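Me: I am new to this structure and would like a close look at a single part of it, followed outward into its surroundings. Please explain each term as you come to it.

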Amino acid sequence: MRRDVLELRQFYASDLGKAARAMVGRKVIEAWGDARGLDVLALGYATPFVTEARRAARRVVGAMPAQQGVEVWPAGEANLTTLVGEDALPFPNALFDRILVAHGVEESPDPLAFLREVWRVLAPSGKVVVVVAARNGLWANTEKTPFGQGRPYSRAQMAELLREAELEPSGWTRALYVPPVGWMAGWAEGFEQTGSRLWPGFAGLLLMEAVKQTFAVKPKGHAQRVRRARPILAPAPSGAGATRSPVSQAPKRLSQRNPLERGWESLSVENLAAGLKGKGKAAP
């Protein structure tokens with residue numbers, strides 16, 4: 001069951017949610033670089049992390065699952081979000097150059113079908129970053145935050161799921177080392193710097209980047225009949241035992257046969273008369 005959009009908005013308005021927004025948003029910028037001129041999709045509840053990308057990207061669209069609900073984003077401007085079915089995104093094939101998935105895979109009833117739709121709308125040269133709660137992190141073990149809901153993933157589990165959806169993992173990182181306690185949110189930056197060096201396995205979130213797998217289809221060949229011309233006269237055999245050529249023997253062999261058995265091309269009146277005379281009949 002997905003968290004309601006009101007719960008998600010309330011969390012990211014808190015001090016702990018603002019810290020999570022800053023840490024994850026930084027990792028997204030490091031993975032994507034400059035999104036100038038690109039089409040970006042924020043899927044699930046990923047709009048808090050694409051603020052920087054929206055300034056340079058050609059288009060940024062927020063898509064939120066129907067079971068979660070949708071909110072108007074960005075506030076005070078023209079709405080860029082839409083309510084979608086997670087197994088049937090209302091977008092054409094290969095539309096987006098970058099896709100960020102957050103609060104999408106963990107609570108999905110069918111994560112594979114969900115990521116297959118991501119594969120469909122992702123451009124062949126595009127990249128997707130999936131943000132999930134880390135299985136061995138502190139954030140997955142508390143239900144006070146949205147990251148404590150649904151199924152957490154290890155790095156191997158996330159990579160296997162992406163490959164099943166024909167998305168090839170190309171990189172990964174961790175984020176959110178600060179404990180999920182509200183009064184420690186002000187120390188989030190310090191935890192992020194020291195946690196990545198001292199206890200990297202206890203990060204709260206796992207971010208994995210993947211690219212779209214495309215395969216070239218080799219057309220099947222079609223068999224075609226080819227006529228082969230049979231030689232009328234075989235070449236003469238070489239060697240000491242070859243005294244006569246087949247060419248000189250051919251007329252003799254043909255003369256011993258009934259002229260009526262020859263082809264129409266060799267049949268003549270003289271040959272016909274000689275054949276009848278040999279059988280004891282007079283020629284007409």
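Reply: Helices (H or I, at least four residues) and strands (E, at least two) are DSSP runs, numbered from the N terminus. By that reckoning the chain has eight helices and seven strands, and Glu164, to give one example, has its place in helix H5. The model is predicted, so local features need pLDDT of at least 70 and side-chain atom pairs count only at pLDDT 80 or more, while totals for chains, interfaces and linings use all residues. Residues are numbered from 1 along each chain as its sequence is written, and side-chain values use heavy atoms, with hydrogens and water left out.

The part chosen for the close look is helix H1, which spans residues 5-12 and has Val5, Leu8, Phe11 and Tyr12 buried; here buried means under 20% relative accessible area, exposed over 50%, and partly exposed in between, with a 1.4 Å probe and protein chains only. Seen down the axis of H1, these buried residues fall within an arc of 125 degrees, so they line one face of the helix; the arc is taken from the directions that run from the helix axis to the C-beta atoms. On the face of H1 turned away from that buried side sit the exposed residues Leu6 and Gln10. The cover over the buried residues of H1 includes helix H2 (15-32) and strand E2 (59-65), where contact means heavy atoms within 4.5 Å. At the N-terminal end, H1 is capped by Asp4, a side-chain oxygen of which lies 2.9 Å from the backbone nitrogen of Leu6.

Phe11 leads from H1 to the aromatic residues. Eight aromatic pairs are found in a search of the whole structure; rings of Phe, Tyr and Trp (its six-membered ring) pair if their centres lie within 6.5 Å, and planes under 30 degrees apart count as stacked, over 60 as edge-to-face and the rest as tilted. One of these pairs is that of Phe11 and Phe147, which is edge-to-face, with 6.5 Å from centre to centre and 80 degrees between the planes. This pair links distant parts of the chain, since Phe11 belongs to helix H1 and Phe147 to the loop between E5 and helix H5 (155-164), 136 residues apart. Phe11 and Phe147 are both buried, and together with Tyr12, Tyr45, Phe49 and Trp139 they form one aromatic cluster.

H1 also takes part in a wider interior. The largest nonpolar core has 43 residues, of which Leu100 and Val131 touch the most other members; such a core is a set of buried Ala, Val, Leu, Ile, Met, Phe, Trp, Tyr and Cys residues joined through side-chain atoms within 4.5 Å. At least two residues of this core come from each of H1, H2, strand E1 (39-44), E2, strand E4 (96-102), strand E5 (122-133), helix H6 (188-198) and strand E7 (205-212). H2 supplies the largest share, seven residues. Apart from its neighbours within four places in sequence, Val131 has among its contacts Val24, Leu100, Val101 and Leu205. There is also a second, separate core of 30 residues, whose members include Leu115, Leu122, Ala134 and Leu206.

Another helix that contributes to the largest core can be set beside H1. In H6 the buried residues are Ala188, Phe191, Glu192 and Gly195, and they cover an arc of only 105 degrees around the axis, which puts them on the same side of H6. These buried residues pack against H2 and strand E6 (167-175), whereas the face of H6 turned away from its buried side carries the exposed residues Arg197 and Leu198.

For the chain as a whole, 42% of its 284 residues count as buried. Of the contacts with a separation of 6 or more, 67% are accounted for by residues 24 or more positions apart.

Technical notes. Polar contact = N/O pair within 3.5 Å; in protein donor to acceptor, adjacent residues only side chain to side chain.
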